[in-house]
Amino acid sequence: MSLIDLATHAGARSATPPSLILEVKDLVTHFPVRNGIVKAVDGVSLTLERGKTLCIVGESGSGKSVTARSILQIVDAPGRIVSGAMMLHRADGTSVDLAKFNPRGREIRAVRGREIAMIFQEPMSSLSPVHTVGDQMMEVLRLHLDMGKKQARARCIELLKQVEIPDVERAIDRYTFEFSGGMRQRVMIAMALACNPSLLIADEPTTALDVTTQAEILDLIRRLQQQHGMAVMFITHDMGVVAEIADDVLVMHRGKVMESGTVDAIFHSPQNDYTRMLIGSVLKLEQKAEIRLRRSPIADETLPVLQVRNLSMQFGSGKNALKAVDDVSLTVKPGETLGIVGESGSGKTTMGRCLLRIYDPSAGAIDYRRPDGSTLDLVKADKETLKACRREIRMIFQDPVGSLNPRMTVAQIVGEPLLVNRIAAGKQLDDRVADLLQQVGLEPSWRERYPHAFSGGQRQRIGIARAIALNPRVIVADEATSALDVSLRSQMLDLMMGLQDKLGLSYVFISHDIGVIRYMCDRVAVMYRGRVVETGSAEQVCNSPTHAYTQALLSAIPRPDPRARSIHRRHRYTAA
Amino acid sequence: MLRFIAKRLLWMVPSLIVVSFLAFVLIQLPPGDYVTTFIATLAASNEVVDQTTAADLRARFGLDQPMIIQYLKWISGILLHGDFGLSFEWQQPVSNLIWERMALTLVLTFSTLLATWGIALPVGVYSAVKKYSVGDYVVTFLSFLGLAIPSFLLALVLMYIAAVEFGQEVGGLFSEAYVNAPWSFGKVLDLLHHLWIPVIILAASGTASLIRVMRANMLDELNKPYVTTARAKGLSEFHLLVKYPLRLALNPFISTISWLLPNLVSGSIIVAIVLSLPTAGPLLLQSLMSQDMYLAGAFVLLICALTLIGSLISDILLALVDPRIRLE
Amino acid sequence: MSEDIQQRTPHCRRLDRRSVLKGFAGATAISALPYAARAEGAKEAPALAKLVVDGKLAPLADRIPASPMVVTVEKVGRYGGALRRGLRGSADHNGILRMVGNQGLVRWNLAFTEVLPNVAEKWEVNADSTEFTFHLRKGMKWSDGHPFTADDIVFAIEDCAKNTELYKSPPTPIVIGGKAGTVTKIDDTTMKFTFASPYALFLEQMATPLGQHPTLFAKHYCSQFHPKYNPAVADLVKAANLSDWGTLFRSKCGDIEIPTRWGNADKPTLDPWVIKEPYTGGATRVVMERNPYFWQVDTAGNQLPYIDRLNFNISQDVESLMLDVISGRLDIQERHIDTLQNKPTLSQNMQKGGYRLIELINSGSQQVQIYLNLTHKDPKMREMFANKEFRKALSLGMNRSEIIELVYLGQSQPYQAGPRPGHPWYHATLATQFSEFDQAQANAILDKLGYAKKDANGFRLRPDGQKIFFAIDVIPTLYPDEVDALELAKRHWADIGIDIKVNTIERALYYTRGDNNDHDAAVWPGPGGLDPMLDPRDFFAQHTQGSRYAVPWAQWYVSGGKDGQEPPESQKQRMKLFDQARATADLQKRGEIMKQLFDLTADAFETIGICLAVNAFGICKTNLANVPAKYPNSWSWPNPGPALPQQFFFST
Amino acid sequence: MTDIAISHVDSRQLAVASQWQLVWWAFKRHRLAMAGLVVTAFFYIVAAAPGFFAVNDPSQQNARAAYHPPQGVHFIDLAADGSWSVRPYIHPYALKRDPQTLQAVYREDETRKSYIRFFGTGYAYKLFGLFDTTTHLIATDNKSEPLFLLGADRLGRCVYSRIIQGAQISLSVGLAGVLLSLTIGIVLGGLSGYYGGRIDFAVQRLIDFVLSLPSIPIWLALSAALPHDWPATLNYFMITLILSLTAWAQLARVVRGRFLSLRTEEFVTAARLDGASEWRVIFRHMLPSFTSHIIASISLAIPAMILAETSLSFLGLGLQPPTISWGVLLREAQNIRSIATAPWLFAPGAAVVIAVIALNFLGDGLRDAADPYNK
């Protein structure tokens with residue numbers, strides 16, 4: 001087919017190309033820092049074969065990206081490859097050791113983008129905003145296959161067609177920021193495939209995308225891999241994705257390889273403890289949490305603590321107005337957890353923020369039932385009442401970094417609400433803070449520390465401590481766990497549910513992660529383009545969704561089970 | 001886009017009027033008026049003005065009228081028939097006076113600009129790419145030195161050295177033979193031969209600060225993911241540097257245009273005085289000092305207009321080179 | 001000092017031998033020469049000669065008057081060369097005037113003691129000096145070749161100088177007793193000034209720059225901008241988009257002291273060089289070329305000037321002038337560089353720059369005249385200042401020699417006021433009284449005056465408990481040396497318990513404060529060292545801006561008693577005496593009158609001086625000949641003009 | 001990622017390290033900046049107690065020392081008997097004036113010595129303007145033989161002492177001016193940044209307008225307009241005011257930008273949800289997170305101010321003598337005479353350059369260290 005013809009060049013593909021493409025042996029990459037060195041990659045060995053997909057999984061800081069970048073010798077300064085060999089076996093039978101090349105030299109540059117291509121996590125920032133898509137793509141072609149302008153353009157159009165970019169003729173002269181995230185990732189892929197590389201390295205290519213888009217991209221990569229018969233090295237932290245696409249899996253932790261083997265072996269008979277823990281915590285999120293099993297169901301007649309009626313919220317005005325929340329109605333009963341699920345842009349976060357009047361809704365009502373049984377409409381509440389209510393309705397933020405003021409100690413952060421509401425001060429305040437920290441499973445003696453001294457999970461606990469400081473009745477948790485590694489998620493959720501029982505909390509739990517919802521929530525509302533398309537009990541929505549969109553959403557979620565690969569059977573939802 | 005430009009242009013009108021009034025008041029603020037200053041100047045070389053003529057002059061220039069009247073007379077002259085009035089000192093129409101100086105001012109400013117960018121760009125990029133290297137430290141130090149030396153000091157010393165040690169003719173932009181000669185190759189050479197001192201002095205501080213700007217911009221851009229992408233494509237470091245980070249780091253540079261225009265007039269005042277360059281700056285200073293109302297007023301007005309236009313132009317340019325601004 | 005000049009200047013007689021008839025004498029003394037000159041045929045610059053041959057220019061004989069003015073030169077020069085001079089950026093038009101614009105009816109001699117014929121060949125003055133009859137030179141031409149006649153002078157005075165639309169009030173030099181004189185034409189080469197009252201100083205006035213209106217406006221040219229002669233002038237005004245014909249006239253024909261005088265190349269003049277590249281706001285240099293019709297010849301009958309061209313370079317900053325001098329790019333310069341502080345630098349670089357120094361005798365009398373405001377608005381202050389004893393104490397309390405050594409590099413002597421030593425009218429008491437340094441006596445006086453009490457810092461208190469304190473206005477940008485001098489005086493006076501503030505202010509403010517009589521005290525160089533008659537501001541309250549110790553008195557005097565305050569008796573007497581002196585043509589008598597005036601001044605002791613006005617200096621290229629080694633430095637003697645630059649020449 | 005840039009301090013310290021400690025640690029790594037800090041500190045100390053560091057009374061004229069060249073200090077003191085000791089001393093200079101050129105010629109008088117003492121006694125002055133004292137860092141034991149480390153000016157005033165005296169004015173002009181413009185800048189910038197909307201629009205226009213004003217002419221006109229009969233101090237204050245008039249707009253822009261970006265930070269939202277009042281949100285939560293940036297921009301603005309002052313003085317529009325500032329001193333040196341015959345009069349220029357460089361390095365380092373969290 002034409003791709004190959006175009007790609008043909010002197011000494012190109014011999015009749016039977018070698019199946020082995022890249023062998024990495026004992027790769028060691030160090031990051032020298034002031035007080036020593038960080039061993040980002042510590043003796044990693046792996047092999048990549050034609051037409052096969054190797055998934056590298058690991059939690060943040062496991063060194064999986066650095067491994068990938070080491071192969072192309074594009075590790076950010078001051079990192080450098082200390083030892084190890086990276087044998088690249090060429091189609092013509094020759095092989096070279098990439099590790100020997102000078103990182104700025106001509107040889108390695110000839111490999112980059114030509115024989116080994118790479119795509120990155122952030123499709124938005126990984127492309128230059130001021131150059132057209134075509135410009136950036138043709139560059140590769142002209143560089144490696146020294147094509148003429150016309151030829152290169154033709155090839156780009158073809159590639160963009162392959163990655164299913166609509167209206168290619170115009171798209172090629174567009175700028176990247178005019179595309180959606182998914183489309184940008186497609187562009188990246190097209191660019192990577194431009195010279196028919198024998199190896200594609202994909203560094204978390206779908207992490208920034210919605211599940212449905214992710215599924216599309218995964219499909220695309222799979223299909224192109226078959227077409228081009230290239231090897232794929234896929235780096236991710238999402239076990240679901242791994243189970244979905246991997247042939248072989250390599251589990252990394254702290255720069256070392258924990259375990260490697262076929263995907264089936266890893267999932268169904270993991271040898272290494274870390275692997276087991278990892279798999280375990282993933283599978284855990286596949287069903288309802290034990291804690292909830294023990295709970296007695298909430299009686300139907302109990303009056304809702306929060307009742308949202310026909311809430312609408314729009315940004316901007318006039319023709320470019322955006323209806324972020326469109327006529328939404330919800331109820332939250334005491335002690336229950338309402339999940340709001342949806343993809344990015346579905347308005348779920350806005351929805352949550354409206355509940356606390358961070359945004360002022362443009363229409364509708366939020367009836368809040370005070371402890372004394374009286375109800376009031378938060379939308380109309382004046383400053384004082386609002387302040388009072390905000391003591392009882394609290395929030396947990398998505399970003400454990402941005403939501404904690406780096407310039408205040410933990411004690412100050414957690415104590416702030418108590419202080420400004422004149423609930424506690426001085427010694428008393430100190431004790432209360434200590435107690436709160438204990439409740440969220442943090443060492444009380446750490447309260448003089450600053451946020452930067454804590455890990456992501458610990459920070460999120462601090463956030464929770466701040467939320468419960470005022471004994472609230474409702475907590476709005478916005479993507480509370482999505483920034484955390486999978487192994488931490490269930491812990492975090494358990495903690496929250498524990499507190500729920502202890503303090504009789506109600507949660508409004510906003511997430512894009514069905515797994516988390518299923519695990520945590522009693523009832524679920526599915527949002528799509530600002531509207532609630534379906535509400536119901538978690539079980540019902542997760543297992544037998546009625547609305548077409550929900551079905552599509554669910555079908556696009558990769559299952560962490562290589563034996564039940566499903567997303568290729570997914571059905572797409574096109575808004576009526 | 002057009003609406004934006006139109007809006008900006010509209011905004012200029014009121015601010016210019018305010019400025020013009022402000023300017024007028026400011027120039028009037030100092031005690032005395034043009035005539036007293038005139039007398040005083042002559043007195044400097046113990047020359048005496050006939051006592052009767054002083055009053056005479058005042059009456060003739062309408063300095064005996066209240067300020068607001070003078071202002072209205074002036075501004076209406078400008079608005080109604082673009083007449084900026086007569087310079088008290090030279091008895092010449094202000095506009096002629098200013099334009100007489102403009103040509104050379106332009107030459108000087110633009111050659112300075114070229115020098116500035118010519119040096120600042122590469123050096124800035126270098127010290128960004130080689131961050132915390134010896135070279136970077138040297139560059140940093142030099143650029144700070146450039147920022148630190150008062151331009152007039154530099155001017156005076158350079159001038160002395162050039163004149164006394166090397167016998168180079170300083171002051172002015174042409175040598176005797178060429179001052180009023182028609183433009184010719186010889187004249188251009190002569191100009192270049194005189195240009196270098198002022199250019200060096202004027203460029204010194206500007207270059208220094210631009211190097212800093214450039215360095216900062218580059219550092220911001222250098223560790224953006226798209227650089228890695230480009231590297232992963234197999235581009236050579238240089239090619240990649242020029243095409244991506246440099247390209248983006250340039251955008252802030254474009255905003256320098258907004259100060260470039262007004263600098264045509266006011267920027268080089270002090271240096272121009274020391275080197276007695278026939279540019280607009282000294283004339284402006286003179287007019288301010290001698291309270292030559294209309295001349296000074298026109299100058300200030302001109303400068304403000306240039307500033308506003310300059311910032312407008314730079315915004316438009318920015319929109320042109322940066323699609324993000326253009327398309328969103 | 002004026003003796004040493006006279007030794008150098010043979011053709012100049014002693015002041016007192018001057019007589020009403022010297023006009024004739026002066027003229028006859030040299031009137032023989034031109035015929036001689038004619039006989040062997042006057043010579044001219046090669047360039048002009050060529051033009052004549054080409055027929056582009058009339059022969060010399062038709063260009064110069066029948067009796068050209070003959071300049072007695074030290075050496076007969078050679079033609080050619082361009083003379084370079086420097087101007088400051090702004091309002092430096094007088095830099096040109098001083099060089100070329102001294103072609104009045106009469107001129108000063110080198111010693112600044114005597115008036116000599118110039119445009120006017122000779123003149124008669126009637127007994128009570130109210131009528132002055134001038135005889136012009138036959139066949140004299142404007143620089144455009146148009147004949148210069150008595151009509152031009154009548155036009156200049158009657159139609160212009162006395163035209164109220166052009167001059168609100170006629171220029172002072174032609175005014176006496178508040179009335180302007182009238183000019184009447186007798187014949188083409190003869191005209192007569194008539195004054196209502198005696199005006200003995202008229203000739204001297206006519207020799208000063210401000211006295212040149214008679215020869216300023218060429219009728220045939222300037223009349224076209226004058227409504228009287230050109231009814232259609234309104235159109236011209238409109239065409240130039242100017243407000244009134246006055247403005248137009250000034251911009252075309254200029255006036256004595258405004259830039260536009262040198263801004264119009266078409267304007268005919270009587271000057272040795274005429275404008276080629278005019279002096280405008282945008283100009284970076286001014287170029288003047290020889291006037292082919294110039295009406296002066298040297299003793300050998302060569303038409304002057306010797307030098308072909310004048311180049312005035314315009315520098316924005318005085319410092320670059322200094323540079324030009326040091327690197328030898330100016331041929332003769334004193335303007336802007338003549339401060340004493342520059343002398344070491346300039347003398348050091350004489351070799352490098354290839355120039356010599358010329359001494360400029362200061363025409364002033366006092367370097368730093370301290371004017372306590374005797375008419376202070378605050379009665380307490382007024383009382384204090386008005387007390388002669390107080391002023392005496394201050395004067396004695398000052399260590400003049402230290403100031404001289406430090407500020408004036410030892411180049412002066414303690415001095416108070418009055419004509420300079422060597423001047424026939426030198427007045428010892430006036431010049432030196434109380435100029436010794438005697439703190440003890442000063443303290444004694446002050447104690448006696450009732451200022452014995454002192455405050456914590458040792459400053460004396462007035463009876464009303466107020467500390468004795470006053471501010472002395474000074475313009476640092478103009479007279480930095482005065483600031484330094486005062487800083488020292490401040491210290492000296494602190495020792496006798498007097499506190500002052502050296503009030504460094506910007507010049508416009510200095511004037512406004514003076515005009516409104518707001519100042520406690522002020523300093524200014526004291527004039528009248530060589531020209532006591534022309535600027536007597538320090539001898540009695542005569543100058544409404546200059547006599548800063550009693551501006552209101554001066555106003556009273558000038559306005560003839562209408563405004564200002566009535567001065568004390570001694571002042572009134574001096575005013576009378578001065579008016580007498582002005583009306584007295586006989587120098588002998590005039591001298592006696594002035595003597596009485598000086599006695600009164602000395603007795604009143606109104607101003608406190610520090611030291612004799614310091615001689616300045618200029619530079620002059622070594623190859624520039626016929627430049628006197630020293631000449632006065634004055635506005636009334638607008639150096640180097642009266643040294644006749646037209647007869648300077650480049651020896652190599 | 002929020003891995004703190006500073007990894008060289010042990011984690012226990014790091015854990016409880018406040019913003020300022022982090023900034024300080026980050027700053028310390030910046031060698032040039034540290035140097036800048038030291039020099040700046042030194043300058044300001046000198047400026048605080050000029051009298052102590054001065055040798056001679058800065059305004060003391062001396063008839064016998066006009067254009068006195070800098071004196072060479074000798075350290076090894078040879079006694080008559082050939083024995084020697086380390087004891088700094090100078091040979092006094094003798095003045096001769098060339099009658100022709102009037103050039104003052106100073107010759108070192110080998111026969112006489114006057115020794116230099118540390119903490120010796122000199123002229124009387126007020127330390128910090130409070131206590132009378134005569135103790136000086138350096139003094140000669142022989143009062144009649146003044147010590148001219150950097151020579152003397154045309155009135156025989158000690159250049160060294162005048163520079164030190166001038167430091168007080170010049171450095172504080174910068175500081176005062178910046179603080180002034182800072183207050184305006186923060187108030188206006190803060191208002192428009194925090195509240196946005198109409199206020200923002202108005203302030204924006206104002207800023208644009210001020211920025212469109214040509215600073216030099218404004219300075220010229222304003223400072224020419226100052227009533228020169230005002231006392232030096234008031235005059236000095238006005239100059240700083242004038243300088244800051246044009247400078248505040250820039251700062252306001254910075255502040256506004258910061259406020260805008262901070263307003264959307266989650267921890268600010270959190271604080272608001274905690275029930276913190278507007279003021280508390282602004283001052284407790286938002287301000288601290290950019291004080292460091294502001295300090296950085298201050299230290300970068302001060303040198304600009306200092307230069308501006310010198311430029312104004314150069315044009316004769318700044319401070320007037322007898323006030324002593326570096327600008328004034330430079331103005332007095334602004335002539336060919338000085339370059340040719342008394343180059344040491346340019347020492348104030350060196351002072352300016354050093355101070356400005358130091359401040360710039362300091363500011364640069366601060367700016368880099370200002371935000372230790374996102375590295």
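# Exercises on a predicted four-chain model

In chain A, strand 4 and strand 5 (residues 95–97) run antiparallel and are joined by three bridges. The model is predicted, and the exercises below start from this strand pair.

## Exercise 1: strands of chain A

Task: Find which residue stands opposite Val96(A), and which residue of strand 1 of chain A has the bridge partner Leu88(A).

Solution.

Step 1. Take the pair of strand 4 and strand 5 of chain A. Val96(A) of strand 5 stands opposite Leu88(A).

Step 2. Look at the connection. The hairpin of strand 4 and strand 5 of chain A has five residues between the strands, and Gly93(A) takes a positive phi near 90° there.

Step 3. Turn to strand 1 of chain A. Strand 1 (residues 20–33) and strand 4 (residues 80–89) of chain A run antiparallel, joined by seven bridges. Leu88(A) in strand 4 is the bridge partner of Leu22(A).

Step 4. Combine the pairs. Leu88(A) is thus paired with Leu22(A) and stands opposite Val96(A).

## Exercise 2: the sheet of chain D

Task: State the order of the four strands in the open sheet of chain D, and say which strands stand at the edges.

Solution.

Step 1. Read the order. The open sheet of chain D has the strand order 1-2-5-6, with antiparallel pairing.

Step 2. Identify the edges. Strand 1 (74–78) and strand 6 (131–140) of chain D each have a single partner strand, so one side of each lacks a neighbour in the sheet.

Step 3. Add the twist. From one strand to the next it averages 40°.

Step 4. Check one pair. Four bridges pair strand 1 of chain D with strand 2 (residues 84–90) of chain D in the antiparallel sense. Within this pair, Ser85(D) in strand 2 is the bridge partner of Asp77(D).

## Exercise 3: two helix crossings

Task: Classify the packing of helix 1 and helix 14 of chain B, and that of helix 11 and helix 18 of chain A.

Solution.

Step 1. Recall the two quantities. A pair of packed helices is described by the angle between the axes and the distance between them.

Step 2. Apply them to chain B. The axes of helix 1 (residues 2–28) and helix 14 (residues 293–321) of chain B come within 9 Å and cross at roughly 155°. Angles over 145 degrees count as roughly antiparallel, and helix 1 and helix 14 of chain B are therefore roughly antiparallel to each other. Helix 1 passes helix 14 of chain B in a right-handed crossing.

Step 3. List the residues. Helix 1 of chain B contributes residues including Ile5(B), Arg8(B) and Phe24(B), and helix 14 of chain B contributes residues including Met293(B), Cys304(B) and Ile316(B). By class, the contact of helix 1 with helix 14 of chain B has 16 nonpolar, three polar and one charged residues.

Step 4. Repeat for chain A. Helix 11 (residues 273–284) and helix 18 (residues 486–503) of chain A have axes 8 Å apart and pack at an angle of about 45°. That makes helix 11 oblique to helix 18 of chain A. Their crossing is left-handed.

Step 5. List the residues here too. Met277(A), Leu278(A), Ser281(A), Val282(A) and Lys284(A) of helix 11 of chain A meet Val486(A), Ser487(A) and Ser490(A) of helix 18 of chain A. This contact of helix 11 with helix 18 of chain A divides into four nonpolar, three polar and one charged residues.

## Exercise 4: chain contacts

Task: Find which pair of chains has the most contacts, and which helix of chain D gives the largest share of the side that touches chain B.

Solution.

Step 1. Rank the pairs. Among the five pairs of chains that touch, chains B and C have the most contacts. Chain A and chain C are joined by no contact, and their closest C-alpha atoms lie 46 Å apart.

Step 2. Describe the contact of chains B and C. It takes 54 residues from chain B and 43 residues from chain C. Helix 2 of chain B gives the most to the side of chain B that touches chain C, with eight residues. That side of chain B has 27 nonpolar, 18 polar and nine charged residues.

Step 3. Describe the contact of chains D and B. Chain D gives 30 residues and chain B gives 32 residues. Helix 7 of chain D supplies the largest share of the side of chain D that touches chain B, eight residues. By class, that side of chain D has 24 nonpolar, six polar and no charged residues.

Technical notes. Residues numbered from 1 in each chain as written. Chains lettered and ligands numbered in written order. Predicted model: local features only at pLDDT ≥ 70, side-chain atom pairs only at ≥ 80, totals over all residues. Axes fitted to C-alpha atoms, helices over the stretch in contact; angles between N-to-C directions. Parallel < 35°, antiparallel > 145°, perpendicular 65-115°, else oblique. Left-handed = near helix turned anticlockwise from the far one by under 90°. Contact = placed C-beta atoms within 7 Å. Nonpolar A, V, L, I, M, F, W, Y, C, P; charged D, E, K, R; others polar. Pairing = 2+ DSSP bridges.
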